[in-house]
Amino acid sequence: MIERTFVAVKHDGVQRGLVGEIIKRFEQRGIKIAALKLLYADDHKAKNHYFVTEEYAKGQFARTKEGYDKQGKKFEFNNPMEFAAMIQKRNMEFLKEGPVVAMVLEGPHVVEIVRKIIGHTEPRQAVPGTIRGDFATDSYELSDKNKRSVRNLMHASGDVKEAEREIALWFSEDEIHDYKKEDWNVIHKL
């Protein structure tokens, strides 16, 4: 029942001084910080973090094309892998632009809960009360227009399997700490 997830505060969040506020929101929900560090992503970390599979490429391609079609805009890509490679390149460039705060968070249903706290990937669609809804103002439209990654402050693993892969990429096992979180006895009766 206890899960781990990977979270990164990207450099737009670090530069804006939002790290404390972001951590505060997780801690207020009773989520345990198992690992935390500030670092610069190198080519290896950036490329493997934004790992492109055929399944990812097809899904991203279909969703994006559907959005363009709804807006009556021409979608310039025909090949899902080509489109995914462009997204990967933009995301890698952005991830390497400045310092990143990497975290391993732990708790019951933590993957789902963290993603709800953070809010929708596109800040414009994130509801108030979420981190992106309160602090991010970018959009897919602006990022497409400027041929760059969307500035959305954070990354959080999408599922437990992705979290395991990302945690292993960013942290060694000895950097992840296990300790008793006293409030879990009250919150979860663990």
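**Group meeting: a walk through the fold**

Okay, let's start with one residue: V9, whose bridge partner in strand 4 is M154. Before I go on, a heads-up that what you're looking at is a predicted model.

Now, V9 has another bridge partner as well, V101 in strand 3. So what do the strands around V9 look like? Strand 1 covers residues 2–9, and it pairs with strand 3, residues 100–108, in the antiparallel sense, with eight bridges between them. Strand 1 also runs antiparallel to strand 4, residues 154–156, and there three bridges do the joining.

Let's zoom out. How many helices and strands does the chain have? You can count ten helices and four strands. If you trace the chain from the N terminus, the order goes β-α-α-β-α-α-α-β-α-α-α-β-α-α.

What about the overall shape? The C-alpha atoms fill a box of roughly 55 × 35 × 30 Å along the principal axes. The radius of gyration is 17 Å, and a compact globule of 190 residues would come out near 16 Å, so the chain agrees with that expectation.

On to the inside: 47% of the 190 residues are buried. And if you take the contacts with a separation of 6 or more, 75% of them are between residues 24 or more positions apart.

Last stop, the outside. The chain exposes about 10700 Å², with carbon and sulfur atoms supplying 51% of that. As for charges, there are 32 positive and 31 negative ones, and their mean positions sit 4 Å apart.

How values were computed. Residues are numbered from 1 along each chain as its sequence is written. This is a predicted model: local features need pLDDT of at least 70, side-chain atom pairs count only at pLDDT 80 or more; totals for chains, interfaces and linings use all residues. Side-chain values use heavy atoms; hydrogens and water are left out. Two strands pair if DSSP finds at least two bridges between them. Helices (H or I, at least four residues) and strands (E, at least two) are DSSP runs, numbered from the N terminus. The radius of gyration is taken over C-alpha atoms; the globule rule is 2.2 Å times the number of residues to the power 0.38. Buried means under 20% relative accessible area, exposed over 50%, partly exposed in between (1.4 Å probe, protein chains only). Contact means heavy atoms within 4.5 Å. Accessible areas come from the Shrake-Rupley method with a 1.4 Å probe; for residues, only the protein chains shown count as cover. Lys and Arg count as positive and Asp and Glu as negative; His and the chain ends are not counted. The place of a charge is taken as NZ of Lys, CZ of Arg, CG of Asp or CD of Glu.
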